[in-house]
Amino acid sequence: MRRLILRPGAIGDTILSLPAMEFLRAEYTEIWVRSDTVPLVRFADRVRGIASTGIDLVGIPDLEVPAELRRELGLFGEIVSWYGANRPEFREALGSFCENVRFLEALPRDSVGEHAADFFLRQVGGMGEAIPRIEVGRAESRGSVVLHPYSGSERKNWPMERFLELERALEADGVVVEWAARGDWVRFADLGELGWWLAGAGVFVGNDSGVTHLAAAVGARVLALFGTTDPAVWGPRGDVEVVRAGWMEAIGVGEVLEGVRRRLRAG
């Protein structure tokens, strides 16, 4: 069977969906995701950025779907879509191109206490604990502590001054500290290159962010800082320890420092 999987969403959502997408592998599997997450999907026969496909034109009144896109969609025996599930006009139009279409909720709604990765896997018929894995090739450990102080929301960010205080404390311990921030301290061509670099970290420290999920998925030892978001649902999976408080400012530098030291000793 030829199967097309449509999975929009940010970095973290895409990574948490990887076990479900891999479970859906068919004789031929094509996956359309957000353009920047294309390098993270390694198991498909073809991966494309959604923005480059023209799929956003489907179901819009008075807009003609390009003939090439209509032909492409018609070649698939099944389409599984986390895209457009709440748009009736999209659902109807997509069904006119492919007879077998499954629409899935893009985010867990009623799964309190169930991890999002498990929810996505269960949606497609899988069972058990879903642990995202991204193979990036062999990355020799640098033994450093990598800090990533950003996320998609200011409220999820541990204060920058505390990251800087943590850096000073680690350097006093004789630990090499590196900063990971695309476009700032270290530059990367894409998320695949960033993932390879993160895999070589001794320990990664980051907020509730897509990059923290990426670090966990490539096998880094991770210390993840969480505030109001529930890590039991949205936490990264792998070699991960979570430090959580009711709000990010309540997480102390000493607590994080001890967590990093524990993570370093574990290596």
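Guide: Let's fix a word before we look around: a residue counts as exposed at over 50% relative accessible area, as buried at under 20%, and as partly exposed in between. Keep in mind that this is a predicted model.

Visitor: Fine. Why is Glu154 called exposed, then?

Guide: Glu154 has a relative accessibility of 65%. The bar for exposed is over 50%, so Glu154 clears it and earns the label. You'll find Glu154 in the loop between strand S6 (145-148) and helix H5 (160-172).

Visitor: Which residues make up the negative surface patch with Glu154?

Guide: The patch is formed by Glu154, Glu161, Glu165 and Glu249. Glu counts as negative, so a patch made of these four residues is called negative.

Visitor: Let's go inside. How do you know that Ala220 is buried?

Guide: Its relative accessibility is 1%, and buried means under 20%, so Ala220 gets that label. Ala220 is placed in the loop between H7 and S9. From Ala220 to Arg168 it is 22 Å, C-alpha to C-alpha, with their positions 52 residues apart in sequence.

Visitor: And what makes Val222 buried?

Guide: Val222 comes out at 0% relative accessibility, which is under the 20% cut-off, so Val222 counts as buried. Val222 sits in strand S9. Its C-alpha lies 7.9 Å from that of Gly206, a residue 16 positions away in sequence.

Visitor: How many residues does the largest nonpolar core have, and which have the most contacts inside it?

Guide: There are 47 residues in that core, and the ones with the most contacts inside it are Ile15, Ile31, Trp82, Ile134, Leu194, Leu198 and Leu214. At least two core residues each come from helix H1 (11-23), strand S2 (28-33), helix H4 (116-123), helix H6 (191-199), helix H7 (210-217) and strand S9 (222-226). H1 gives the largest share, six residues. As a general point, nonpolar side chains tend to be buried together in soluble globular proteins.

Visitor: Why is Asp118 called buried?

Guide: Asp118 has 15% relative accessibility, and 15% is under 20%, so buried is the word. Asp118 belongs to helix H4. Its C-alpha is separated by 8.8 Å from that of Ser17, although the two are 101 residues apart along the chain.

Visitor: On to charges. How many salt bridges does the structure hold?

Guide: It holds 19. Side chains of opposite charge can pair when their charged atoms come close.

Visitor: What makes Glu22 and Arg25 a salt bridge?

Guide: Their closest N and O atoms are 4.0 Å apart. The cut-off is within 4 Å, so the pair qualifies. Glu22 is partly exposed at 37%, and Arg25 is partly exposed at 47%.

Visitor: How do you know that Glu129 and Arg237 form one?

Guide: The closest N and O atoms are 3.9 Å apart, and that fits the limit of 4 Å, so it is a salt bridge. The pair ties together distant parts of the chain, 108 residues apart: Glu129 is in the loop between H4 and S6, and Arg237 is in the loop between helix H8 (231-234) and strand S10 (240-244). Glu129 has 59% relative accessible area, so it is exposed, whereas Arg237 has 15% and is buried.

Visitor: Why is Lys156 with Asp208 called a salt bridge?

Guide: Here the closest N and O atoms are 3.5 Å apart; with a limit of 4 Å, the pair therefore counts. This pair also links distant parts of the chain: Lys156 from the loop between S6 and H5, and Asp208 from the loop between strand S8 (203-207) and H7, 52 residues apart. Lys156 is partly exposed at 22%, while Asp208 is buried at 8%.

Visitor: Which residues are linked in a network of salt bridges?

Guide: Glu30, Arg46, Arg48 and Glu72 are. Glu72 is placed in helix H2 (residues 67-74). With 13% relative accessible area, under the 20% line, Glu72 is buried. The C-alpha of Glu72 is 9.7 Å from that of Cys98, and the two are 26 residues apart in sequence.

Methods
Residues are numbered from 1 along each chain as its sequence is written. This is a predicted model: local features need pLDDT of at least 70, side-chain atom pairs count only at pLDDT 80 or more; totals for chains, interfaces and linings use all residues. Side-chain values use heavy atoms; hydrogens and water are left out. Patches are made of residues with over 30% relative accessible area and no salt bridge: like charges are joined within 9 Å, nonpolar side chains (Val, Leu, Ile, Met, Phe, Trp, Tyr) within 5 Å. Accessible areas come from the Shrake-Rupley method with a 1.4 Å probe; for residues, only the protein chains shown count as cover. A salt bridge is a side-chain nitrogen of Lys or Arg within 4 Å of a carboxyl oxygen of Asp or Glu. The place of a charge is taken as NZ of Lys, CZ of Arg, CG of Asp or CD of Glu. Helices (H or I, at least four residues) and strands (E, at least two) are DSSP runs, numbered from the N terminus. Buried means under 20% relative accessible area, exposed over 50%, partly exposed in between (1.4 Å probe, protein chains only). A nonpolar core is a set of buried Ala, Val, Leu, Ile, Met, Phe, Trp, Tyr and Cys residues joined through side-chain atoms within 4.5 Å.
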